[in-house]
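These exercises are worked with the sequence and the structure at hand. Try each task before reading its solution.

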Amino acid sequence: VQVVESGGGLVQPGGSLRLSCAASGNIVSIGHMGWYRRAPGKQREFVATITSSGTASYADAVKGRFTISRDNAKNTVYLQMNSLKADDTAVYYCNADVSSTWGPYDCWGQGTQVTVSS
């Protein structure tokens with residue numbers, strides 16, 4: 001079981017990016033899916049999470065600017081990021097609570113770099 005992120009890149013302040021994360025492998029079901037980030041010189045922090053039924057939670061720093069969503073049929077979670085700021089520069093990691101026939105997995109992706117700069 002693995003999750004793979006995509007969609008990072010360089011964007012100017014005020015711009016937008018959409019991150020995607022797809023889970024694959026021996027998947028029976030997926031519970032929470034979420035996004036975390038690690039800025040240079042800082043610890044990894046929570047960004048947003050979404051339950052299998054679509055209930056979302058956000059860190060205060062991104063409320064009103066970021067939107068998390070998921071497509072259960074595609075085992076994919078998205079993060080729409082608008083009004084990006086320099087402080088949003090970080091490596092963004094996907095996390096998924098996956099149940100497989102071999103047991104539960106707390107899956108983390110390799111990360112995708114988001115850089116907000118003019």
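The model is predicted. A first point to settle is the setting of Ser 83: its relative accessible area is 41%, so Ser 83 counts as partly exposed.

**Exercise 1. Backbone angles**

Task: Find where Ser 83 and Asn 75 lie, and state what is notable about the phi angle of each.

Solution.
Step 1. Ser 83 sits in the loop between strand 8 and strand 9.
Step 2. Its phi is positive, about 50 degrees, although Ser 83 is not a glycine.
Step 3. Asn 75 belongs to the loop between strand 7 (66-71) and strand 8. Here too phi is positive, near 50 degrees, in a residue other than glycine.
Step 4. The sign is worth noting because most residues other than glycine have a negative phi.
Step 5. Asn 75 has a relative accessible area of 23%, which places it among partly exposed residues.

**Exercise 2. Cysteine pairs**

Task: Decide which cysteines form a disulfide, and explain why Cys 107 is not bonded to Cys 94.

Solution.
Step 1. The cut-off is a sulfur-to-sulfur distance within 2.5 Å.
Step 2. The sulfur atoms of Cys 21 and Cys 94 are 2.0 Å apart, and these two residues form a disulfide. The count of disulfides is one.
Step 3. The angle about the S-S bond is -80 degrees, and the link of Cys 21 and Cys 94 is left-handed.
Step 4. Cys 21 is in strand 3 (residues 17-24) and Cys 94 is in strand 9, so the disulfide ties together parts that are 73 residues apart in sequence.
Step 5. Cys 21 is buried, at 0% relative accessibility. Cys 94 is buried as well, also with a relative accessible area of 0%.
Step 6. For Cys 107, the closest cysteine sulfur is that of Cys 94, at 8.8 Å, which is too far for a bond. Cys 107 is buried, with a relative accessible area of 6%.

**Exercise 3. Salt bridges of Arg 37**

Task: Name the salt-bridge partners of Arg 37 in the pairs with Glu 45 and Asp 88, and give the closest N and O distances. Then say which parts of the chain the pair of Asp 88 and Arg 37 ties together.

Solution.
Step 1. The cut-off for a salt bridge is within 4 Å, from a side-chain nitrogen of Lys or Arg to a carboxyl oxygen of Asp or Glu.
Step 2. Between Glu 45 and Arg 37 the closest N and O atoms are 2.6 Å apart, and the pair forms a salt bridge.
Step 3. Glu 45 is partly exposed, with a relative accessible area of 37%, whereas Arg 37 is buried, at 6%.
Step 4. Arg 37 also forms a salt bridge with Asp 88, where the closest N and O atoms are 3.0 Å apart.
Step 5. Asp 88 lies in the loop between strand 8 (76-81) and strand 9 (90-100), and Arg 37 in strand 4 (residues 29-38), so this pair links parts that are 51 residues apart in sequence.
Step 6. Both members of this pair, Asp 88 and Arg 37, are buried.
Step 7. Through shared partners, salt bridges join Arg 37, Glu 45, Arg 65 and Asp 88 into one network.

**Exercise 4. Another salt bridge**

Task: Give the N to O distance between Lys 63 and Asp 60. Is Asp 60 buried or exposed?

Solution.
Step 1. The side chains of Lys 63 and Asp 60 form a salt bridge, with 3.3 Å from N to O.
Step 2. Asp 60 has a relative accessible area of 65% and is therefore exposed, the cut-off being over 50%.
Step 3. The count of salt bridges comes to four.

Terms used:
Residues are numbered from 1 along each chain as its sequence is written. This is a predicted model: local features need pLDDT of at least 70, side-chain atom pairs count only at pLDDT 80 or more; totals for chains, interfaces and linings use all residues. Side-chain values use heavy atoms; hydrogens and water are left out. Buried means under 20% relative accessible area, exposed over 50%, partly exposed in between (1.4 Å probe, protein chains only). Helices (H or I, at least four residues) and strands (E, at least two) are DSSP runs, numbered from the N terminus.
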